[in-house]
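Q: Please take a close look at one part of this model. Then work outward from there, and keep the answer in one connected piece.

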Amino acid sequence: MTAATPDANTEAGSARGGTETDERPAPETAAPETAASETAAEATAPSAAGEDAQALRARKAARREMTVAVLLALAGAALVLSVAGRTWAKGTALVHGSHIAVHASGTSINKGITALALLGLAGGLAVLATRTIGRTVIGVLVLLAGLGVTVLAVQGGGDTSAVNSEAAAKAAVEGVRAVDVSHSIWPWFAAVGGVVILLAGLLVVVRGRRWPGMSNRYEAPEGRTAAARRGTATNADLWNALDRGEDPTR
């Protein structure tokens, strides 16, 4: 009876020890996974911020280019329109022994200069309201308008037909020609304006597809950044949302 007691005690102790071992909580296995996901999220956060900053710089550069193109078109057209009505050529008509001064403006030499300058002006403003292919078409029209203004201005710098027509009209005799014809510097100012319009159109054709439209220009930068971040969610972000009890699909 006394010999069996230690064995019974030993078995009882073993049973208690086994019970205590079984009741111990199992080690958490989700902690390493959570730590790994948080590390991955921290590693991807700097790259996402760098991409956002780079995209913001690209948008600012595109807006600067668009602003330059629009200002070039407006400045060139304004220069042409300001000198088109000035005297480009002047001379003297001999009528019955009298000397009558005659002159011709840029619009009287060629009305197309004003029309092309207005086309360049309208095209410069239309750049703001168009995108991609439409903007490229506008750029081509502005380029051609600038080229046309330049050619007509250079031709007007040596034209005498307008002052001859003015001399014949004042003499009321067909075939009367003006003498001592001279030309002012204004046609060359118009030619410079045409070159400026041409450069604006060329810039729109080459770079216009990369520029934002009016809706993108006035959209809040915070909204675009948040949308970009939602679109670049990583697997680590999804696992973190699940760990927090959130629905990552929202």
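A: I185 is exposed, because its relative accessible area is 52% and the cut-off for that class is over 50%. The model is a predicted one. I185 sits in the loop between β3 and α7. In space, its C-alpha lies 9.4 Å from that of A89, while the two residues are 96 apart in sequence.

Next, the helix after that loop. α7 covers residues 186-207. What does its axis do relative to that of α5? The two axes come within 7 Å and cross at roughly 160°. That angle is over 145 degrees, so α5 counts as roughly antiparallel to α7. The crossing of α5 past α7 is left-handed. Which residue classes make up this contact? It takes in 18 nonpolar residues, seven polar ones and one charged.

One residue of α7 gives a more local view: L203 is found in this helix. L203 is partly exposed, because its relative accessible area is 24% and buried would mean under 20%. Leaving out residues up to four places away in sequence, L203 touches E65, V68, A69, G208 and W211. There is also a long sequence separation to V70: 133 residues along the chain, with 9.7 Å between the C-alpha atoms of L203 and V70.

Now follow α5 to another partner. α5 spans residues 132-156, and α4 spans residues 112-126. Their axes come within 9 Å and cross at roughly 155°. This pair is therefore roughly antiparallel as well. α4 passes α5 in a left-handed crossing. On the α4 side, the contact is made by G112, I113, L116, A117, L119, G120, G123, G124 and A126. On the α5 side, I138, L141, V142, A145, G148, V149, L152 and A153 take part. Sorted by class, the contact of α4 with α5 holds twelve nonpolar residues, five polar and no charged. Glycines count as polar in that tally. So α5 is roughly antiparallel to α4 and roughly antiparallel to α7.

Between α5 and the loop of I185 comes another helix to inspect. α6 runs over residues 161-171. Which of its residues are buried? They are A162, V163, N164, A167 and A171. The cover over these buried residues includes β1 (87-95) and β2 (98-105). It also includes α3 (106-109) and β3 (179-183). β3 thus appears twice here: it helps cover α6, and it leads into the loop that holds I185. Just after α6 comes A172, with a positive phi near 55°.

Finally, the whole chain. How many helices and strands does it have? There are ten helices and three strands. In sequence order, they follow the pattern α-α-β-β-α-α-α-α-β-α-α-α-α. The chain has 250 residues, and 28% of them count as buried. Its exposed area is about 15,300 Å², with 61% supplied by carbon and sulfur atoms. What share of the contacts between residues at least 6 apart joins residues at least 24 apart? The share is 76%. The contacts of L203 and the two helix pairs above can be read against that background.

Note on methods. Residues numbered from 1 in each chain as written. Predicted model: local features only at pLDDT ≥ 70, side-chain atom pairs only at ≥ 80, totals over all residues. Heavy atoms only, no water. Buried < 20%, exposed > 50% of the residue type's maximum accessible area, 1.4 Å probe, protein only. Helix = DSSP H or I, 4+ residues; strand = E, 2+ residues; numbered from the N terminus. Contact = heavy atoms within 4.5 Å. Axes fitted to C-alpha atoms, helices over the stretch in contact; angles between N-to-C directions. Parallel < 35°, antiparallel > 145°, perpendicular 65-115°, else oblique. Left-handed = near helix turned anticlockwise from the far one by under 90°. Areas by Shrake-Rupley, 256 points an atom, 1.4 Å probe, with all protein chains shown as cover.
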